[in-house]
Amino acid sequence: MTIQRDPTLRAAAAILAAGLAAGTAAADKASDTLTVALDMEVETMNPYQSTSRMSLIASKMMFDTLVWRDPKTGEFAPMLATEWEWVDATTLDMRLREGVTFQNGEPFDAEDAAFTLNFFSGPEAKTKGQSSVDWIESAEILEPFKIRIHLKAPFPAALEFLASPIAIFPKDYFEKVGFEGFETAPIGSGPYQATEIVKGETITFVANPNYFTGGARPAPKIGKIVFRTIPDLNTQLAELMTGGVEWAWRIGKDEAEGLRGMPGLTVADAETMRIGYLTMNAAGTGGETPFTNLKVRQAVSHAINRQAIVDNLVPPGARLIPSACFPDQFGCEQDVATYDYDPEKAKALLAEAGYPDGFEFTFDVYRDRPYAEAIIGDLAKVGIKANLNFAKYATVRDALRSGGSQVAFLTWGSNSIGDVSASTSNFFKGSADDTYKDAEVAAWLTEGDASVDPAVRKAAYSKALKKIAAEAYWVPLWTYPYTYAFSEELDFTPTSDELPHFALTGWK
Amino acid sequence: MSEPPVLELRAVSREFRVSRGLMRGKATLRAVDEVSLQLRRGEALGLVGESGCGKTTLSRILLGLLPPTKGEVLVDGAPLSAKDRKARARRIQPVFQDPYSSLNPRKIVSEIVATPLDVHEIGAPADRAKRVLQTLDMVGLPRRVAESYPGQMSGGQRQRVAIARALAMRPEILICDEPTSALDVSVQSQILNLLLSLQKELGLTYLLISHNLAVVEHIANRVAVMYLGRIVEVSDTAALFRDARHPYSRALLASVLTPEPGLGVPDTGLGGAYPNPMDPPTGCAFHPRCPRAMGVCRSRRPEAAPTPTGRVECHLSPEAP
Amino acid sequence: MLGFLVRRLALAVLVAFTVSAVSFVLLRASGDVAVAIAGESATEADIAAIRHQYGLDRPLAIQYFDWLGNALSGDLGRSIFFNTPVSDLISERLPVTVAVGALALLFAVTLSVPLGVAAALRPNSPIDHLAMWLAVLGQAMPSFWFALLLVLVLGVWWRLLPISGTGTFAHYIMPAIALGYYATPAIMRLTRAGMIEVLQSDYIRTARAKGLGTGRILFKHALRNAAIPVVALAAVQFGFMLSGSIVIESIFALPGVGHLAWISLQRSDFTVVQGIVLMLAVIYICLAVVADLFNAWLDPRIRVS
Amino acid sequence: MTAPLLEVRDLRVEIPLEKGVLNAVRGVSFEVARGETLCIVGESGCGKSLTSLAVMGLLPKRARRTAAALRFDRQEMAGLPERKMARLRGDRMAMIFQEPMTSLNPAYTIGDQLEEVFLAHRGEGRRAARARAADLLERVGITGAERRMRQYPHQLSGGLRQRVMIAMALMCGPDLIIADEPTTALDVTIQAQILHLLIELKREIGLALVLITHDLGVVARIADRVAVMYAGEIVETGTAAEIFAEPHHPYTRGLLACVPAPGVTKPGEPLGTIPGIVPSLIGEMAECGFRERCPLALAECARPVPLHELGPRRACRCVLAAEAAA
Amino acid sequence: MSAPDLLQPVVSPRARAWRRALRHGGVLFGGAILLAIALVAVFAPLIAPYDPYAQDLSQRLIDPVWGPKGSWAHPLGTDQLGRDYLSRIFYGARISLLIGLSTMCVSGLIGTVMGVAAGYFGGRVDDVVNFVVVTRLSMPVILIALAVVAVAGSSLTVVMAVLGCLLWDRFAVVMRAATRQVRDLEYVTAAEALGMPVRRIVISEILPNVLGALIVVATLEMAHAILLEAALSFLGLGVQPPTPSLGLMVSEGRQVMFFKPWLIAIPGAALFLLVLSINLLGDGLRDVMAPEGRS
């Protein structure tokens, strides 16, 4: 293969377009089968066994939760629980839906709900996402269709977790087959049942004909949904264009541009709660660095042309963010100190800080290499040389916690929780992830987290976020939109929770 | 005979561990089996025997390239192990069979001949060059070949270079392992003439290993006959060719095809099977092939017995104890 | 026979032991699995708990010998991510890798051996030059690039072959080509060189002097002897194909051990990687032994002394 | 007079090289009668092996063969296609090579390789082939033929392998055997045995033998007739007795003088030598090939020298010999 | 013919190999391309039209000059960050050559020492080397590279070190075989019989005569190292961006390859050409060193 000459290129484009039409024509509305490309394998559909997004997506198909959180409005709605009531700050009563059966015919009742909560919050289950269950003290059966949940401490986010990932398992079946058996033949009460699992390759879901009506989630619309693991995004695109799959997501900006022109495909963008940011080692844990100097941090903030990156590299729908949280989260103060793109000012600040000729540092990155490269390019323009260290997330995080990292480019999805306690508090409240160790900020955040009064909380968070911005601990970057591409016959609506809801999807 | 032998082997043995193939374990091969041999100053001792009988192993022991498993090597009556490698190298030098592989193809002739002088740091570098040229004269090579690479020379010329290298340090003993068997007859005679004249001029002592008995008869004063790791007979050349004592020596001599038409090819009476050296026959190692084997040959190994001109290991020998 | 096998087995055990120890240390040093399991929202306490749960807070040497002891009794441990025994994971995915590797080898051999033989029969002929150019071009082609081009041209532009997955035989064709073409030049060269050497050998001259037909000389007398080094090379290449299919398996979305190793490494699922490394080492050594045995069958000089 | 079994007239072998065409065999003519032993003797590079290979049609691919006549039992072989030539080889004319170590295929048993010849030329089945092979092995002095036939070449010593090669050559009962240095790689004792065997077989079966060698001792003991080759040409022919008793060509004389011989040379005395080196055979040669080395060279030697008949089947390529004969 | 002509000028084996090399098509062709690439690589700072790191997001993904929107301002277009592709290719060749050469040197040194030691001493040493080689071969390169890079980071130096420490096996195997062959020749025995020290025997008698094999392996391993670095970079384990590595460029361009195929075609072709030239040179050298091989 050599370099493509112009005529060939155009011919290729023509073939491509023609072929694509043929490919999508064969898309399987007719056979009522939707094939979906996922870049990671669903290692388990048991949401307690995994913290991965793929597991969560699959478990949403298979299982119901007590509470449903509407992906569009963020409102909580009844699902397996029909109504709930806070008895006090640590006691939650829930009335359960009657007449629901699991996919194997086992009827659902309080036994199942209480068992699930008790078992998976206990030590025996070795639940991987401990933070989603460790707030539960116990669950108690009050009536055959009513349970009471005891919390260890007041926990505002309890409903969030009850909506996801706490899926309700059939007690009898689970106790019979155990972890191993459940792994290969999971049973839930959700709209789809996994009928065939080819390890590493596909999972086939078939609509559950007996799915209960009356909940917030409607009955399944598509007969069969196949999850295909295609690790290479490139291959996903190839399959998408040739009709091998009808749905793919997390598509890059340039590819999306290319796909937008293709007949038969819909390309949609949706903002998520994920934000990107740079964190700088301001406290100097692990040794003195230039970044302990406020002027340097400000210079870095001024040096990065965030708008240009958002315009050119980030998929459409991204917003620049001024403060250390997702703008729509409760308590996310927007009126904070901002740093416009101003390389001259950055240079001046660097000179003031004693680095007229700039300096070098190691830049830890775990994803989105092009963005990182663009940031490196911007920093180079003011004389700062960033040496990219592209590593696994775990490695970067280790480095951060041990103080071995100077600057890291990170993202945060807040577990799709619309509250600053799930974002800012995570990083500035004195935990292991708090590398700044700003006692004042930590105190404000603690105050905000512990209160149930919105006004008090808001005020406390505002103070914290203003200081974070003034100190330029972070360079808040932008929100992360996801780009989806799917067959135009598909009626799919992207949501901001980073969870494609196939159970809500239908054909046009 | 008051002078001690310039080189002496005393009951020298050498064993090898030999792999017998993929599926089997290793076996012990006794390539040289309690060999005692003396090399007198100024003589040419011929060593003859079939391939695989241990001739080459013996020569490597003499050169110090292989340590003997048992026994002693003495130079001028002193054990060899006491002398260091370099001292031995100054006195004993080899000439090999294959003039194509015995010269480093990447070096020119003068470098090759000068190598011993360099290694032993003999003389100043300028003297070395002179000595190299002298040595080339000595072996009858024109001085202009000094700048040639071996690849440009004929087999005979290469063998002369190899001899020149061996002579560069003026050693006393040359171990010549089949020095002419890779050469054409017309070249062979030139090299043999050279060896003879060098011996006269320099008073060299030779150990001449050869399977060509005509060559041995022509050059050697004494001959040692080797069979399956043992010296079965030692004798003065003339005596051996006239009246060999050991049946193997006789068979060997009978097999020599001299260029005399009309004599036909003799039947040696030896069987076809050369014994497996890893599993040597009991008693006299030669008995399975010996046309005159007796019962005792199968069970007992004959002792060496002196003869008027040497010694022999055979139960048939009248001198046998 | 037995002695040989025992010695090779001893070597295999020693190599496997060394490989496992080295990779154990390397892998543990390369990241903290506990952090990876806990996910991005985990707290320090979560991580510590996980570390303790999985025994990751014990001294490294103890962890290793613990693992080794289990491995010796056939238990390779559990994947932390999949929460399944590593041996199950491997046995689920090995068939895909082996199938692709075997097809790749088949592709390489069926292309290279006839070509090598033809080239050897007529040195400097057009077919020889063609073979040589194929070899040189093939060896210069980066395999990931070649795989992408295959996807682009055969999969997207021409739509000849399915792009990814394992549904049908056709699914395996592109991966097998992408994996096998790199081995083709080496096998072809060796076949050619071996054939040329054998054809010049004295026993081929003897065979001709016996008045045997050309086909008989070629296939009975020449090919068998020329095949000996080729078999060893093919075995080695097969071993490399099994371990070298990471890129290919990712691009073609094949659920094989290569991709399993890759994702497991990325999220520090050591037990899995450890198990795969051990398995690959054992397979590699076994292949070498099998090649030896096969060569012993081909060449009686090795078999009997 | 009956026609000779093998008749070679003006055989030439040319090998194109980068530097030019190597005229390795330059117009060699000889004939061999049934039951006769011809020894072709010469030093390395004189073209004796290529001559034998040319007769058998076994030359390497790049070598070119031309001949005025190349007749075996009155059949012209010069233009014969490879398939017909193959039918002749191994059947009516067989060959034995120098290296018994490498001339047998290491991958197959002795029995297999013996039977193969028979199966290729005679449609009498494997059983007959096996019987014939066993018979011949015994005949060449290998005991326990059944066991030997199951063995592989490397399990046999060099002498035994050469016996196997001889048995293989005899499988189809040939009229002619060409042996190219059959004993050079062997020990003297084995050499004597093998030659002894060849002579016996020849006498019993009555086959003709062409023996290529450089060893004058072998020539003297085995040859009926001798052809001395030098630089791609036959320089002298005659019976063994004639050649050894009264060599005419200076090269033949020089060669004989080089070899120590009992009664002729004295131990320790210098041997005769031939000074100089073999001329290059690349391109055409316009003079006597031996001129540069010849102690008796004359001005006439600067022209190509023809072969002078000195008597019935006695000839010499030397101007001096021509004068002596005249 | 073995007709030695002492009157002809003295030509060393090396000079003869040179002369043959200069008449060998593959050597000339491969050598010429490699030389051209090497010159481009060495003088990249002088001839590259742009700074390969200079990004301009307003100039992203410009077509190459033959494309519909191409211009001579960027002959090969620009990449996703608006960097000049031609300049990046020049610098990429530089990185590739640097990695190829350094790997060749490091692994050549390790492998030669091991191979020569095993071939010369045999016995125990050979067994140990054999064990090390088998162990090395049974460890998958990519997994090891991945682990090491995870530990040590993936700077250029680390990549060079990793490749150097991984690719010595063929050197060891070939050098072992070559040394064994030479070791049994009589001129080595002669040197031993002279009392020449082992080190000197190895340096003056053995190494010059295995040099041919060494050079051939070295070129092939250089090509191998370049390809492996590209593969590692493709996986994100090699050289780190924004350093222009050809493998990395293919990796970065692949997402858009369906729409802008030149993004992977150009660096891929450059890589291909580079490796091809080295292989042609190596192949040619093999012919030149062993002239009986192909004539």
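These legends walk through several close-up views of a predicted model.

**View 1. An edge-to-face ring pair in chain C.** Here we look at Tyr64(C) and Phe65(C), one example from a total of 68 aromatic pairs over all chains. Their ring centres sit 5.3 Å apart and the planes meet at 65 degrees, so this pair counts as edge-to-face. Tyr64(C) is tucked away: its relative accessible area is 7%, which makes it buried.

**View 2. A tilted pair in helix H14, with an arginine over one ring.** Next up are Phe294(C) and Trp297(C), whose ring centres are 5.6 Å apart; the planes are at 35 degrees, so this pair is called tilted. Both belong to helix H14 (residues 270–298) of chain C, and because they are 3 residues apart there, about one helical turn separates them. Phe294(C) is partly exposed, at 39% relative accessible area. Trp297(C) has another neighbour to look for: Arg224(C) lies over the face of its ring, 5.3 Å from the ring centre.

**View 3. A cluster of rings in chain A.** Ring pairs tie a set of aromatic residues together here, including Tyr48(A), Phe63(A), Phe115(A), Phe119(A) and Phe120(A). Also in the cluster are Phe169(A), Tyr173(A), Phe174(A), Phe179(A) and Phe182(A).

**View 4. A cis bond in chain A.** Stay in chain A and find the peptide bond running from Ser164(A) to Pro165(A): this bond is cis, with omega near 10 degrees. Most peptide bonds are trans. Pro165(A) sits in the loop between helix H4 (158–163) and helix H5 (171–184) of chain A.

**View 5. A cis bond and an arginine over a ring in chain E.** In chain E, a cis peptide bond links Pro241(E) to Pro242(E), with omega at about 5 degrees. Look for Pro242(E) in the loop between helix H10 (198–234) and helix H11 (246–253) of chain E. Elsewhere to look in this chain is Tyr120(E), where Arg183(E) lies over the face of the ring at 4.5 Å from the ring centre.

**View 6. A positive phi in a chain C loop.** Most residues other than glycine have a negative phi. Ala253(C) goes the other way, with a positive phi of about 50 degrees, though it is not a glycine. You'll find Ala253(C) in the loop between helix H12 (246–251) and helix H13 (257–266) of chain C. Ala253(C) is buried, with a relative accessible area of 3%.

**View 7. A positive phi in a chain D strand.** Asp10(D) isn't a glycine, yet its phi is positive, near 50 degrees. This residue lies in strand E1 (residues 6–17) of chain D. With 32% relative accessibility, Asp10(D) counts as partly exposed. For context, chain D holds 11 helices and 13 strands. Its radius of gyration is 21 Å, close to the 20 Å that the globule rule gives for 326 residues, so chain D is as compact as a globular protein of that length. Buried residues account for 58% of those 326 residues.

**View 8. A buried arginine and its partner in chain B.** The residue to find is Arg91(B), part of helix H2 (residues 85–91) of chain B. Arg91(B) is buried, at 16% relative accessible area. Its side chain makes a polar contact of 2.3 Å with the side chain of Asp76(B). Don't look for chain A touching chain B: no contact joins the two, and their closest C-alpha atoms lie 43 Å apart.

Key: Residues numbered from 1 in each chain as written. Chains lettered and ligands numbered in written order. Predicted model: local features only at pLDDT ≥ 70, side-chain atom pairs only at ≥ 80, totals over all residues. Heavy atoms only, no water. Phe/Tyr/Trp six-rings, centres within 6.5 Å; stacked < 30°, edge-to-face > 60°. Buried < 20%, exposed > 50% of the residue type's maximum accessible area, 1.4 Å probe, protein only. Helix = DSSP H or I, 4+ residues; strand = E, 2+ residues; numbered from the N terminus. Lys NZ or Arg CZ within 6 Å of the ring centre and 35° of its normal. Rg over C-alpha atoms; globule rule 2.2 N^0.38 Å. Polar contact = N/O pair within 3.5 Å; in protein donor to acceptor, adjacent residues only side chain to side chain. Contact = heavy atoms within 4.5 Å.
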